[in-house]
Each structure stands twice: as C-alpha cells, then as structure tokens.
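Let's take a walk through this structure together, strand by strand and helix by helix. Keep the 3D view at hand as you read.

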Amino acid sequence: MNHDTICALATANGVGALGIIRVSGNKAFEIVNRCFEGKNLSKAESHTVHYGFIKDGDDQIDEVMVSVFKAPRTFTTEDSVEISFHGSPHIAKKILEVLIKNGARMAKAGEFTMRAFMNGRIDLSQAEAIADVIASENEASRKVALNQLKGGISSEISDLRGDLLNFTSLVELELDFAEEDVEFADRTAMKMLLDSLETKLSALIDSFQYGNAIKNGVDVAIIGKPNAGKSTLLNALLKEERAIVSDIAGTTRDTIEEILHIKGTAFRFIDTAGIRETTDEIEAIGVQKAKEKIATAKILLYLYDEFDSKPQEVIDFVKEFYREDLKIILLHNKIDINGSVENEFDQQLAETLVPAYTSTLLPISAKDQTGIEALKTELIHYVENLKQDESNVIITNQRHYEALQKSLESVKRVKSAISQSFHTELLAYELRYALEHLGEISGEFTNDEVLGNIFSKFCIGK
C-alpha cells in the first residue's frame, strides 16, 4: 500500500476562502497531469507553483494553483503535489473524485505522516508531536509540542540509548567468551553510568505530570455544601453567567464544566452539586457525580461559609477526600458579608489542616469577585511547581511515559544484578530490555498494532 499514490483534503471541512488537497506517491505528477490544464508537472522544477485548471474530461472544475515538490525533499520523501482551490466543499469533492478516477486513492487517517515516518523523514516521537501541534489549544502546549517536533525528546533519548548501547555491546561480547570468564565491561564504570541514567530517566518521568497539565489541562473541582457559592465562583472565574445562581439549596443537580486559560494553561473547572445527605433521588445522583469528579480532579476548591458550616465539617470533608496527588485549596467565601477572616474558625482549620492536608486558605467573595485574582495566581503556582527543573524536554505522551518507566525498572534491575554479581547473561537481558523500551519512543522498536493505534488518531490529510 505504500506504493499507492494517495490524496486527501488537507484543510478543514467546510466553506473557506481556499482549500488544499495533497497528493503523494510515485505517480503523483502523472495522475495530476491527467486532470491539470497547465504546465507539465513532471518537467517543472521542485518547490514551484503553477497556475491552471483542474478538469474532468472537457469539464473545468476549478481554477487552481498547483505546488510541485519532488522527492526526496518533501514531507513524505515522495513526489508530492498540493492543489490550492476555491474553498467550496463541493469543489473539493469533485477534485478528489477526478484524482481517484485517474489512479489515486483516498489517504487513511495519518497516512501522510505515517509515510514520513516509514521513509525515515521523522521518528515516531516527532510524528506524535505533529498531532500535538495541531491539537494544541494554548501557548504552553504549542511550545512543548513544537520542541518535540524539532527533535527535543528524540535527541535526549538518543543520548541515553547511545551511552547504554556501548556497555550493552561489551556485555554481549563477554557472552561470546563465557568459557574464558573475562570482563570487557568495567562494572564500576557501568554502575556510574547506570546511576546517571537512573537520574535522567527519573527526571523525564517526573516531568510527565507537568507535561500532562500543559497538554490536557488541569481538572479543578469546585466543591462545598449547598449554597456555599460554587456556581457564583464559576461565573466569577469565567466572567459570564454560565451557571444558574439561586438562594434555593440544591440548584445545581448535574456537573457543569468549562475551560478557562490562565497564562497559557487550560484549567477545566467543574461546578458540582452541593454535597449533603438528601432524600431527593435526582440531587443524590448529583452528589454522587460530585464525588466522582473529586476522585479524578487534580485541584479541589472547597468553599465554605462560616455561618453555614462548622470547622469540624470542613476538616472531616478534607480528610475524607485527601490524597497525595490532590491539591486542596480552602476558600472562605462570602467575606463581603462576614467581614474580617481573622477568626477562630479559620485558625482552627489552619491548625488542623495546614500543612498536612493543604497549604492554602484564601478569603474570597465570589459575589463581589474579591480574591479571584489571588486564586488564579495560586492555580498557576500549582502548575509551575510541577516542573521539577529547567529542562526543555518535557514528557507529555502517555506512551513515552510508560516506556520510560519500563526502562527505569530495567536499569534498576541491572544495578541490582551488578551489586549481587549476577551472571553476565542476566545483565545482557536487562540491558537489551532497557534499550528496547527507549527505542519504542523513537520507533526503532515497534509493531504494526502500535503504529496503527497512533496514526489512526490523526486527521485525514495529515
């Protein structure tokens, strides 16, 4: 199938000023020439643009500009053509039909990028970075994805594999001279290398939490008793009346989710039903959903009103839902009514919950929007604190994260084997295993199932 010439719409579906159709393959020029009234593309210089018409027999479909890219200096490393036409969905459909009639076939999802990978133009991590660049929704995710596309992760992994490969080769050589009982690989030097690899792998793994926050956003659950001001806070953050606000307890029955970008990071705010014991069947479902959102959230905003809550209620709630990977921010709401927050209520919370369960207690008025900017600053600090160091290489891909974890496990097993003077064959096995998992990131070790899963998530035409 890699010998087929493929075509697809490269721009978004729908009406636009212009649209672009891509054609790639050994017969790209031949096929387009059959329906292009203009210059003979086979004789055109590479990276040039030519005016003409796309025709279906004697019928002119559209006036177009055709760009010529000759192998191997193309995205796929194959002969490629891009047809720029007036952005009508009907015209796009007609041009694709005539290309298929003349010998091309429709590309599958991600097939252009798949060919770039298969032909050695990019490695697998760069191919995945292309999808991340397209999907980036904020400045931070764009920068990280672009760095990966430029080979940031590839370079880091290549250095790690290169160091490990040298020692693996020496250990493999020892197996050939097993009867002579000789050691070509200096065990002391190998242990120093493994210590360094463990440190570097751990740093990359630790960066995943930060990278995941940048790429996918941060889930923030807004929790509290009925009428604590949760919906009012959501509206204040969004600066619009997104959630219904009422003095009637239990107004919010279902979860409401909205995304807000703060300094380049996406925060997914989830307004939940007030948590309380209730006999209302619908409200009870809402309370259960609220608890489910707490279980998956990374940040919990717990609103309380000192005239409608007791310190022990807040303390019990925080202790019930606390987990190490959950950031809990206590929000003393309605200070426009309560006035000063320097009181015994907050002092008791601070003495009991800070710093064991939370390090943040903020006074706010969701109604008057007092303290909202301080809350946003606290949210940004959470993301910034996830970043362990100043390295430009940040892991954002779950597949890369899992491969790095497996490599780290193998490195630790090799270190243990050296310290216990295990047989060379075991060392060689674990070293090969570590190399294989590092190679999975760049695509040096992979299989058709993994590739199919990766590229199936791409859009058609990329």
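What follows looks at two sheets, the helices beside them, one residue inside, and a few backbone details.

Please keep in mind that this is a predicted model.

Start with the sheet that comes early in the chain. Seven strands make up this open sheet, and reading across it gives β3-β4-β5-β6-β2-β1-β7, with mixed pairing. At its edges stand β3 (36-37) and β7 (105-106), each of which pairs on one side only. As a reminder, strands of a sheet pair through backbone hydrogen bonds, either parallel or antiparallel.

Look next at the β3 end of this sheet. Strands β3 and β4 run antiparallel and are joined by two bridges, and E37 has F53 in β4 as its bridge partner. From β4 (residues 48-56) you can step across to β5 (residues 59-69): these two strands are antiparallel as well, with nine bridges between them. One place to check this pairing is T48, which stands opposite V68 in β5. The hairpin that β4 and β5 form has two residues between the strands, and there G57 takes a positive phi near 70 degrees.

A helix also packs against this sheet. Helix α3 (residues 111-118) lies across β1 (6-9), β2 (18-24) and β7, and its direction makes an angle of about 135 degrees with β1.

Now move along the chain to another sheet. Here six strands form an open sheet in the order β9-β10-β8-β11-β12-β13, again with mixed pairing. Why does one side of β9 (256-262) and of β13 (360-363) lack a neighbour in the sheet? Both strands stand at the edges and have a single partner strand each, so one side is left without a neighbour. Going from one strand to the next, the twist averages 25 degrees.

At the β13 edge, β12 (residues 327-332) and β13 run parallel, held together in the pairing by four bridges. I329 is a good residue to find here, since its bridge partner in β13 is T360. Helix α13 (residues 372-386) lies across β8 (218-224), β9, β10 (265-271), β11 (299-304), β12 and β13, running at about 170 degrees to β12.

Two further helices are worth viewing as a pair. The axes of α10 (residues 311-321) and α12 (residues 344-353) come within 9 Å and cross at roughly 30 degrees. Angles under 35 degrees count as roughly parallel, which makes α10 roughly parallel to α12. Their crossing is right-handed. On the α10 side, the contact is made by P311, Q312, V314, I315, V318 and K319, which meet F345, Q348, L349, T352 and L353 of α12. Sorted by class, this contact contains seven nonpolar, three polar and one charged residues.

One residue helps to tie the sheet to this helix pair. Is Y304 buried or exposed? Y304, which sits in strand β11, has a relative accessible area of 0% and is therefore buried. Beyond its neighbours within four places in sequence, Y304 is in contact with S309, V314, L330, L331, H332, N333, F345, D346, L349 and L361. V314 belongs to α10, while F345 and L349 belong to α12, and these residues also take part in the contact between the two helices. Y304 and I223 are 81 residues apart along the chain, yet their C-alpha atoms are separated by 9.0 Å.

Finally, turn to some backbone details. Most residues other than glycine have a negative phi, and most peptide bonds are trans. With that in mind, look at A71 and P72, which are joined by a cis peptide bond with omega about 5 degrees. P72 has its place in the loop between β5 and β6 (80-86). Another cis peptide bond joins V354 and P355, where omega is about 0 degrees, and P355 lies in the loop between α12 and β13.

Two residues other than glycine have a positive phi to look at. H47, in the loop between β3 and β4, has a phi near 60 degrees, and at 40% relative accessibility H47 counts as partly exposed. T77, found in the loop between β5 and β6, has a phi near 70 degrees. T77 is partly exposed too, with a relative accessible area of 21%.

Key: Residues are numbered from 1 along each chain as its sequence is written. This is a predicted model: local features need pLDDT of at least 70, side-chain atom pairs count only at pLDDT 80 or more; totals for chains, interfaces and linings use all residues. Side-chain values use heavy atoms; hydrogens and water are left out. Two strands pair if DSSP finds at least two bridges between them. Axes are lines fitted to C-alpha atoms, for helices over the stretch in contact, and angles run from 0 to 180 degrees between N-to-C directions. Contact means heavy atoms within 4.5 Å. Angles under 35 degrees count as roughly parallel, over 145 as roughly antiparallel, 65 to 115 as roughly perpendicular and the rest as oblique. A crossing is left-handed if the near helix is turned anticlockwise from the far one by less than a right angle, and right-handed if clockwise. Ala, Val, Leu, Ile, Met, Phe, Trp, Tyr, Cys and Pro count as nonpolar, Asp, Glu, Lys and Arg as charged, and the others, Gly among them, as polar. Buried means under 20% relative accessible area, exposed over 50%, partly exposed in between (1.4 Å probe, protein chains only).
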